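Take a look at the model below. Then follow the text from one part of it to the next.

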Amino acid sequence: MRYGVIDLGSNTVRLVVYDIIDQNNFKKVYSRKEVVGLASYLLPEGYLSDMGILRAIEVVKELKEDSESYQTDKLFLIATATVRNARNQNEIVNRIHMSTGVKVTLLSGLEEASVGVLGIKHEFDFKEGVVIDIGGGSTEVSTIFDKKVDQAASLPVGSLNAYITYVKDMLPTESEIKSIKKGVIHALEQAEIKRLKMNVIYGIGGTLKAAKALYEGMMNKHLDYLTKENILHIMRKIDPTKKSTYLNLIRLVPERFHTIMPGLVILETIFEYFDAERLYIGKNGIREGYILSQMKKKA
């Protein structure tokens with residue numbers, strides 16, 4: 001069997017095609033990413049604009065054609081925070097389905113957190129820790145005890161919408177950084193996520209991979225994991241008054257030029273909230289978790 005998943009995210013849209021080996025194993029055979037910035041098409045009233053819907057339809061059509069060229073037996077389309085929180089979510093889902101022929105599965109915040117946990121646990125064997133996914137439009141946080149999910153929440157703060165909401169220019173000022181941190185802490189408290197000491201964070205998603213790539217590229221050293229000090233160090237080096245900052249961002253994380261710093265602020269705040277020591281970043285994410293959930297249903 002060959003499955004494809006299109007992940008309609010707030011910042012990027014990605015197609016991944018997998019060969020299904022058995023109910024617990026798969027092999028990635030193709031991946032394509034398009035930077036769409038869907039959250040930037042949200043109107044002040046909370047509706048996704050017609051331009052945004054048309055852009056989503058356009059990229060889904062392109063990725064569907066790619067999946068067909070790889071002869072997928074089944075194609076899934078999952079949508080997350082931007083579509084989920086849009087006031088016209090039904091219109092978005094229906095228009096994409098009518099225009100592309102692909103049914104949209106709109107993941108709730110808890111479902112998104114749940115498949116993220118499935119994805120990371122397929123890669124790491126751990127009894128306790130925090131699982132996070134900093135997306136463009138939301139941040140999923142789950143606490144794990146005795147290998148089971150204790151708490152899970154989808155925070156309405158992501159790297160792209162934090163940029164849109166809090167940042168005036170290209171990079172945030174000190175006061176804007178403080179505002180993002182306050183927003184994250186408020187969201188954690190509103191979700192009633194307990195402020196416990198958790199040594200290890202397990203992370204998924206493009207923001208965290210970009211954070212690691214940025215640190216390794218700027219420091220010219222490989223790391224197996226990131227620490228809070230690593231994050232603070234790189235944040236201090238991102239100086240908006242220095243040309244070298246912009247050159248490094250263009251060289252190392254060009255697609256996340258404007259969202260990487262808000263993403264780092266969110267990450268540093270979560271490190272602080274849980275008094276965590278290390279962050280391990282997985283290769284798997286919500287797409288792999290979703291595929292695993294479908295494989296278990298089929299079994």
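**From a cavity to a core and a pocket**

The lining of the largest cavity draws at least two residues each from α4 (109-121), β6 and β7. The model is a predicted one. The count of cavities of 30 Å³ or more comes to 1. The largest cavity holds about 40 Å³ of space. Among its lining residues are Ala 113, Gly 116 and Val 117. Val 131, Ile 132 and Asp 133 also line the cavity, as do Glu 140, Val 141, Ser 142 and Ile 204. By class, this lining has 6 nonpolar, 2 polar and 2 charged residues.

Ile 132 leads on to the core. The largest nonpolar core has 47 residues, and Ile 132, Leu 214 and Leu 264 touch the most other members. Which elements give two or more residues to this core? They are β6 (129-134), β8 (148-155), α5 (159-166), α6 (174-190), α7 (206-219), α8 (228-237), α10 (260-274) and β10 (278-281). The largest share comes from α10, with 10 residues. In soluble globular proteins, nonpolar side chains tend to be buried together.

Now stay with Ile 132 itself. Leave aside its neighbours within four places in sequence. Ile 132 is then in contact with Glu 140 and Val 141. Its other contacts are Ile 201, Tyr 202, Gly 203, Ile 204, Leu 208, Leu 267 and Ile 270. There is also a second, separate core, of 24 residues. Leu 48, Leu 63, Val 93 and Ile 96 are included in this second core.

Next, turn to two helices. Helix α6 contains Val 184. Is Val 184 buried or exposed? Val 184 counts as buried because its relative accessibility is 1%, and the cut-off for buried is under 20%. Val 184 touches Val 157, Ile 266 and Thr 269, not counting residues up to four places away in sequence. Val 184 and Leu 267 are 83 residues apart along the chain, yet 9.5 Å separates their C-alpha atoms. In α5, the buried residues are Ser 159, Leu 160, Asn 161, Ala 162 and Tyr 163. The buried residues of α5 pack against β6, α6, α7 and α10.

The strands come next. β7 (residues 139-145) pairs with β8 over 7 bridges, in the antiparallel sense. Opposite Glu 140 stands Ser 154 in β8. The hairpin of β7 and β8 has 2 residues between the strands, and Asp 146 there takes a positive phi near 50°. β2 and β3 run antiparallel too, joined by 10 bridges. Tyr 18 has Lys 28, in β3, as its bridge partner. β2 and β3 form a hairpin, with 2 residues between them.

Last comes the pocket. The largest pocket holds about 610 Å³ of space. How many residues line the largest pocket? There are 36, and Thr 12, Gly 205, Gly 206, Arg 256 and Arg 287 are the closest to its centre. The elements that supply at least two lining residues each include β2 (12-22) and β3 (25-35). β6, α7 and α11 (286-298) do so as well. α7 gives the largest share of the lining, 5 residues. By class, the pocket lining has 9 nonpolar, 15 polar and 12 charged residues.

Terms used
Residues are numbered from 1 along each chain as its sequence is written. This is a predicted model: local features need pLDDT of at least 70, side-chain atom pairs count only at pLDDT 80 or more; totals for chains, interfaces and linings use all residues. Side-chain values use heavy atoms; hydrogens and water are left out. A nonpolar core is a set of buried Ala, Val, Leu, Ile, Met, Phe, Trp, Tyr and Cys residues joined through side-chain atoms within 4.5 Å. Buried means under 20% relative accessible area, exposed over 50%, partly exposed in between (1.4 Å probe, protein chains only). Helices (H or I, at least four residues) and strands (E, at least two) are DSSP runs, numbered from the N terminus. Contact means heavy atoms within 4.5 Å. On a 1 Å grid over the protein atoms alone, a cavity is a set of points where a 1.4 Å probe fits but cannot get out, and a pocket is an open set with protein on both sides within 12 Å along at least five of seven lines; lining residues have an atom within 4 Å of a point. Grid points are joined across faces, edges and corners, and a volume is the space filled by probe spheres set on the points. Ala, Val, Leu, Ile, Met, Phe, Trp, Tyr, Cys and Pro count as nonpolar, Asp, Glu, Lys and Arg as charged, and the others, Gly among them, as polar. Two strands pair if DSSP finds at least two bridges between them.
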